[in-house]
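Please look over the sequence and the structure that follow, and then read on for a guided walk through them.

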Amino acid sequence: MRKAVCPGSFDPITNGHIDVIERASGLFDEVVIAVLSNSSKTGLFSIEERIEMAKSAVSHIPNVRVDTWSGLLVDYCKANSIGAIVKGLRAVSDFDYELQMAQMNLQLKGVDTLLMATKPAYSFLSSSLVREIARYGGDVSSLVPAGVLKELKSRAANGGKN
Ligand code: PNS
């Protein structure tokens with residue numbers, strides 16, 4: 001069984017993430033979305049909320065599941081017999097960061113990373129921009145799944161609080 005992990009903060013999951021996950025699901029027997037915390041980012045949604053939004057967004061893909069982990073990604077891969085990490089590459093500006101992590105993960109535990117080119121239609125899309133636009137009442141309906149849109153609207157209505 002060929003398994004891959006799509007790791008990320010997913011704060012929140014966007015249509016760009018889903019595009020990569022859908023295409024990865026066609027290449028592997030099982031794809032796990034690993035909702036992880038990034039020590040250099042502060043989150044809007046809790047890990048539990050991100051998991052619920054991700055689950056709802058990929059419920060149409062039978063070989064995709066959602067999980068979380070609080071340690072190193074490579075340890076998650078080893079503990080779950082996952083041989084590959086799949087990440088989306090939007091633009092050259094992503095490359096340095098992604099290459100550095102890919103090489104570190106390879107060095108740490110021999111886990112390979114596949115960088116998948118995102119659809120050009122999503123090359124400008126990021127969770128952080130979605131959060132900011134939604135916070136100020138901008139329209140992100142074409143950028144995120146319906147469940148995420150609902151949560152963002154509810155946050156904005158509550159002034160960014162739960
Ligand atoms: O969506 P992001 O924030 O770009 O994803 C980054 C993430 C969460 C994949 C990365 O920070 C990560 O792998 N965190 C888990 C801890 C870890 O393994 N750190 C070392 C990375 S080389």
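Which element gives the most to the lining of the largest pocket? The answer is helix H4, which contributes eight residues to that lining. Before going further, keep in mind that this is a predicted model, so every feature described here is read from predicted atoms.

The largest pocket holds about 1,200 Å³ of space. Of the 46 residues that line this pocket, the closest to its centre are Gly 8, Ser 9, Asn 38, Lys 87 and Tyr 97. Apart from H4, the elements that give two or more residues to the lining are strand E1 (3–8), helix H1 (15–25), helix H3 (73–79), strand E4 (84–89) and helix H5 (127–135). Sorted by character, the lining residues fall into 19 nonpolar, 19 polar and eight charged.

The ligand, too, is found in this part of the model, for it sits in the largest pocket. A shell of 15 residues lies around the ligand, and those that come nearest are Ser 9, Asn 38, Lys 41, Leu 72 and Leu 73. Within the shell there are seven nonpolar residues, six polar ones and two charged ones. Helix H4 (92–109) and strand E1 each supply at least two residues of this shell, and H4 provides the largest share of it, namely four residues.

Three of the nearest residues can be followed down to single atoms. In Ser 9, a polar side-chain atom lies 2.5 Å from an oxygen atom of the ligand, while in Lys 41 a polar side-chain atom is placed 2.7 Å from a ligand oxygen atom. For Asn 38, the distance from a polar side-chain atom to an oxygen atom of the ligand is 2.9 Å. As for the ligand as a whole, it exposes 540 Å² when taken alone, and the protein buries 81% of that area.

Finally, turn to the loop between E1 and H1, where the backbone deserves a careful look. Phe 10 lies in this loop, and its phi angle is near 50 degrees, a positive value in a residue other than glycine. Pro 12 also has its place in the loop between E1 and H1, and the peptide bond that leads from Asp 11 to Pro 12 is cis, with omega near 5 degrees.

To retrace the path, return to H4, which gives eight residues to the lining of the largest pocket and four to the shell around the ligand, and then find the ligand itself, which sits in that pocket.

Conventions
Residues numbered from 1 in each chain as written. Predicted model: local features only at pLDDT ≥ 70, side-chain atom pairs only at ≥ 80, totals over all residues. Heavy atoms only, no water. Near = heavy atom within 4 Å. Polar contact = N/O pair within 3.5 Å; in protein donor to acceptor, adjacent residues only side chain to side chain. Areas by Shrake-Rupley, 256 points an atom, 1.4 Å probe, with all protein chains shown as cover. 1 Å grid on protein atoms, 1.4 Å probe; cavity = no way out; pocket = protein on both sides within 12 Å on 5 of 7 lines; lining within 4 Å. Sits in = over half its atoms within 2 Å of the grid points. Nonpolar A, V, L, I, M, F, W, Y, C, P; charged D, E, K, R; others polar. Points joined across faces, edges and corners; volume = space filled by probe spheres on them.
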